[in-house]
Every structure is written in structure tokens, then in C-alpha cells.
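Please read the points below with the model open beside you, and look up each residue as it is named. They go from the whole chain to single helices and then to single residues.

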Amino acid sequence: MSDRSTSPEPNAPGLGMILKGMLLLGRGRPEGIAYFGNTRDSVLSALAPRLALWLVGGGLTIGTAPQAISGVKVLFALCLILLPAIVTHALARRWKREGLWLRYITAAWWTDWVTLFVGLVVALLMALASPKLLESSTGAMILNGVEFGYSLWLTWYVARVGLLLRRGQAVVLVLAVLGSLGLLSAVVGVLSPNQRAWHEFLYPLLMQQGQGAGH
């Protein structure tokens with residue numbers, strides 16, 4: 001696969017350029033990858049919002065239930081954030097694409113937020129078409145299915161464009177990320193049975209947001 005990036009490659013792109021890159025990649029436009037930096041600072045900037053949410057969620061989790069299991073949930077959530085980066089970096093080295101990895105992971109972390117936007121749009125369309133559908137289990141399945149499917153495609157596409165992979169290689173990368181996350185969840189399930197660590201980590205944060213919206 002040839003390099004299709006035709007736009008200038010910024011060393012320190014601003015928020016406007018990052019948003020443009022997110023929208024381009026989210027629409028399947030390969031030139032969007034050039035709107036992300038290829039430096040450690042760019043990676044840290046993309047990681048910062050995730051770590052901020054993790055800190056808030058971790059604080060609420062431990063504050064709500066100051067127990068050992070709460071620490072497990074917080075560490076589990078951090079591993080979920082960082083594990084895809086570890087897996088993709090290992091594959092990038094194996095495929096001799098390590099020089100492209102910083103830009104790729106920066107783009108991957110930023111464009112992941114596009115999935116939330118797509119979910120909001122789908123939910124809005126469902127609410128306009130049939131409010132009861134949105135509140136039903138069928139509506140939830142449709143919404144989750146669309147978000148999951150789009151997330152898989154976006155992960156595959158950003159990997160293919162960002163690391164200049166063949167289609168099959170990008171599929172392998174997506175499966176490797178999913179497999180590693182599934183294995184991590186299985187290990188946590190064995191170590192703390194009857195605990196839904198990720199759900200229970202997010203629950204205090206979601207409740208806090210819901211209370212804030214109700215005021």
C-alpha cells in the first residue's frame with residue numbers, strides 16, 4: 001500500500017487540525033492521517049483525555065468502595081487503555097513499521113472518539129424515528145451493534161492507513177487487539193470471580209454524570 005497522505009505533516013498540530021484529521025479518517029479519507037503528529041508529545045496529548053477520565057473514574061471507584069477490589073478495577077481499566085498500544089507497537093516492530101507507530105497510535109486514540117459521535121447520531125435518529133425503539137432492548141442492540149461495527153472498521157482502517165499495512169495485516173492487528181483485551185478480561189475474571197471490573201469501574205462515573213445532568 002502506498003503512502004496516500006497528501007497534506008502537510010505538522011510537527012505540533014493544533015486542535016483544529018486534529019479534528020479535521022479525525023473527521024477525514026472517520027469518513028474513510030486516508031489523507032487524514034497527515035493531520036496528526038509523529039512525536040512523543042503528540043502521543044501524550046492523545047492519551048491525556050483517556051487518562052483524565054481514568055483518574056476521575058478511579059477516584060470515584062475508590063471513594064465509593066475503598067476496598068482492595070476497587071484497586072483491581074482501577075488497574076484493570078488502566079490496562080485496557082494501554083494494552084492496545086503495547087500490542088500494536090509489537091506488531092509494528094515485527095512488520096518493520098515502527099517509524100510510523102507514533103503517528104498511528106496518536107491518530108488511533110483521537111479517532112476512537114469519533115465512535116461516540118456516531119453513536120450519538122444513531123441514537124438521535126432512532127429517537128426521532130421512534131422514541132420507544134431507543135428505550136427498548138432491541139434499540140440498545142442496534143445502537144451497540146452499530147457502534148461496535150463502526151469501531152472495528154475504524155480500528156482496521158486507521159491501522160491500514162497509519163502503518164501502511166495490507167488489508168490482511170490490518171485484520172490481524174484488529175484481532176490481536178481484541179484477543180489481548182479478551183484475555184485480560186478473562187484473567188481478571190479468574191482472579192476476581194463474580195466481579196464485572198470494567199462495568200463497576202465506569203458505574204460511579206456514569207452515576208456522577210447522571211446526577212450532574214439532573215440538576
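1. How many helices and strands are there in the chain? This is a predicted model, and in it the chain has eight helices and zero strands, so that, read from the N terminus on, the elements run α-α-α-α-α-α-α-α. Of the 215 residues of the chain, 40% count as buried. If one takes the contacts with a separation of 6 or more, 75% of them are between residues 24 or more positions apart.

2. Please look next at helix H1, which covers residues 15-26. Its 12 residues should span 16 Å at 1.5 Å a residue, and because its end C-alpha atoms are 16 Å apart, the expected and the modelled span agree. The buried residues in H1 are Ile18, Gly21, Met22, Leu24, Leu25 and Gly26, and the buried residues of this helix pack against H4 and H6. As general background, an α-helix has 3.6 residues a turn, so residues three or four places apart point the same way.

3. Methionine 17 also lies in H1, but its relative accessible area is 31%, and because buried means under 20% and exposed over 50%, this residue is described as partly exposed. The C-alpha atom of methionine 17 is separated by 9.4 Å from that of alanine 34, which is 17 residues apart from it along the chain. After H1 comes glycine 28, with a positive phi near 80°.

4. How do H4 and H6 run relative to each other, roughly parallel or roughly antiparallel? Helix H4 covers residues 98-129, and it packs with helix H6, residues 137-162, at an angle of about 155°, the two axes being 9 Å apart. Because angles over 145 degrees count as roughly antiparallel, the two helices are placed in that class. The crossing of H4 and H6 is right-handed, and their contact has, by class, 16 nonpolar, six polar and two charged residues.

5. Two residues of H4 deserve a closer look. Threonine 115 lies in this helix and counts as buried, because its relative accessibility is 10%; leaving aside residues up to four places away in sequence, threonine 115 touches Glu147, Tyr150, Ser151 and Leu154. Tryptophan 110 lies in H4 as well and, at 13% relative accessibility, also counts as buried. With the same residues left aside, tryptophan 110 touches Ile18, Met22, Phe36, Ser45, Ala46 and Pro49, and its C-alpha atom is separated by 8.3 Å from that of leucine 47, although the two residues are 63 residues apart along the chain.

6. Finally, please check the backbone at two loop residues. Most residues other than glycine have a negative phi, and most peptide bonds are trans. Lysine 96, however, has a positive phi of about 60° although it is not a glycine; it is placed in the loop between helix H3 (68-94) and H4, and it counts as exposed because its relative accessibility is 74%. Leucine 164 is another residue other than glycine with a positive phi, here near 55°, and its place is in the loop between H6 and helix H7 (167-191).

Definitions and conventions: Residues are numbered from 1 along each chain as its sequence is written. This is a predicted model: local features need pLDDT of at least 70, side-chain atom pairs count only at pLDDT 80 or more; totals for chains, interfaces and linings use all residues. Side-chain values use heavy atoms; hydrogens and water are left out. Helices (H or I, at least four residues) and strands (E, at least two) are DSSP runs, numbered from the N terminus. Buried means under 20% relative accessible area, exposed over 50%, partly exposed in between (1.4 Å probe, protein chains only). Contact means heavy atoms within 4.5 Å. Axes are lines fitted to C-alpha atoms, for helices over the stretch in contact, and angles run from 0 to 180 degrees between N-to-C directions. Angles under 35 degrees count as roughly parallel, over 145 as roughly antiparallel, 65 to 115 as roughly perpendicular and the rest as oblique. A crossing is left-handed if the near helix is turned anticlockwise from the far one by less than a right angle, and right-handed if clockwise. Ala, Val, Leu, Ile, Met, Phe, Trp, Tyr, Cys and Pro count as nonpolar, Asp, Glu, Lys and Arg as charged, and the others, Gly among them, as polar. The expected span of a helix is 1.5 Å times one less than its number of residues.
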